[in-house]
Amino acid sequence: MLDESTMDYITGVLTRAEFDGLSVYETKGLLVDGIKGLSEVRAEMIAETEVAAAVGNMEMETAKRNGSTKKRWMVGGSNICEECMANARQGWIPMNADYQSGVQHEPQHPRCKCVQEYSDPMFTDNYWLGN
């Protein structure tokens with residue numbers, strides 16, 4: 001369990017990383033340098049997960065702005081967990097709906113390699129039929 005000051009430091013590093021556009025490896029370095037006893041492996045996992053969450057959120061917001069109304073979970077990686085498989089089995093769901101696991105977008109968990117696919121209104125909403 002991390003104490004409050006460590007959590008505050010991690011939050012500060014992640015905020016700076018997002019604002020300054022730092023890479024996963026730059027973020028990992030700041031975490032390792034600033035938290036006594038934090039291994040490079042754990043720091044990299046934190047950085048990767050938080051970057052994936054930021055990217056997932058950005059992609060979903062972009063899809064909404066582009067008119068997408070549906071999304072579906074696409075499993076990825078070689079070690080696929082049951083939660084990710086259950087999300088994928090849901091198929092297409094409304095854009096603002098949570099998956100059965102409670103998340104709106106990837107990552108489901110640390111080291112998750114899943115992605116989302118978004119509907120394209122030009123091809124899925126009868127755009128070409130004039131509807």
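Is K28 buried or exposed? Keep that in mind as you click around this predicted model, and start by selecting K28 itself. With a relative accessible area of 13%, K28 is buried, because anything under 20% falls in that class.

**Stop 1: the partners of K28**

Now add E40 to your selection. The side chains of K28 and E40 form a salt bridge, with N and O 3.6 Å apart. K28 belongs to helix α2 (residues 24–34) and E40 to helix α3, so this pair ties together parts twelve residues apart in sequence. Unlike buried K28, E40 is partly exposed, at 49% relative accessibility. Add E44 as well: K28, E40 and E44 are linked in a salt-bridge network.

**Stop 2: the largest nonpolar core**

Next, select I10, V13, L14, L31, I35, L38, A43 and I46. These eight residues make up the largest nonpolar core. Two elements, α1 (4–20) and α3 (40–65), each give two or more residues to this core. The largest share, three residues, comes from α1. There is another core apart from this one, with seven residues; I93, Y99, V103 and C114 are among them.

**Stop 3: a patch on the outside**

Go to the surface and pick V51, V55 and M58. Together they form a nonpolar patch with about 220 Å² of accessible area. M58 sits in helix α3, and its relative accessibility of 47% makes M58 partly exposed.

**Stop 4: the sheet**

Switch to a cartoon view and look for the strands. You should find an open sheet of three, in the order β2-β1-β3, with antiparallel pairing. At the edges are β2 (93–94) and β3 (115–118), each pairing on one side only. Strand β1 (residues 70–74) pairs with β3 over four bridges, in the antiparallel sense. To see one residue pair there, select R72 along with its bridge partner in β3, E117.

**Stop 5: two more salt bridges**

The count of salt bridges comes to seven, and two more deserve a click. Select R111 and E48, whose closest N and O atoms are 3.1 Å apart. R111 lies in the loop between β2 and β3, while E48 is in helix α3, so the pair ties together parts 63 residues apart in sequence. R111 is partly exposed, with a relative accessible area of 39%, and E48 is partly exposed too, at 22%.

Finish with R89 and E82. They form a salt bridge with closest N and O atoms 2.4 Å apart. R89 is exposed, with a relative accessible area of 54%, and E82 is exposed at 52%.

Note on methods: Residues numbered from 1 in each chain as written. Predicted model: local features only at pLDDT ≥ 70, side-chain atom pairs only at ≥ 80, totals over all residues. Heavy atoms only, no water. Core = buried A, V, L, I, M, F, W, Y, C linked by side-chain atoms within 4.5 Å. Buried < 20%, exposed > 50% of the residue type's maximum accessible area, 1.4 Å probe, protein only. Pairing = 2+ DSSP bridges. Patch = residues over 30% accessible without salt bridge, like charges linked within 9 Å, V, L, I, M, F, W, Y side chains within 5 Å. Areas by Shrake-Rupley, 256 points an atom, 1.4 Å probe, with all protein chains shown as cover. Salt bridge = Lys/Arg side-chain N within 4 Å of Asp/Glu carboxyl O.
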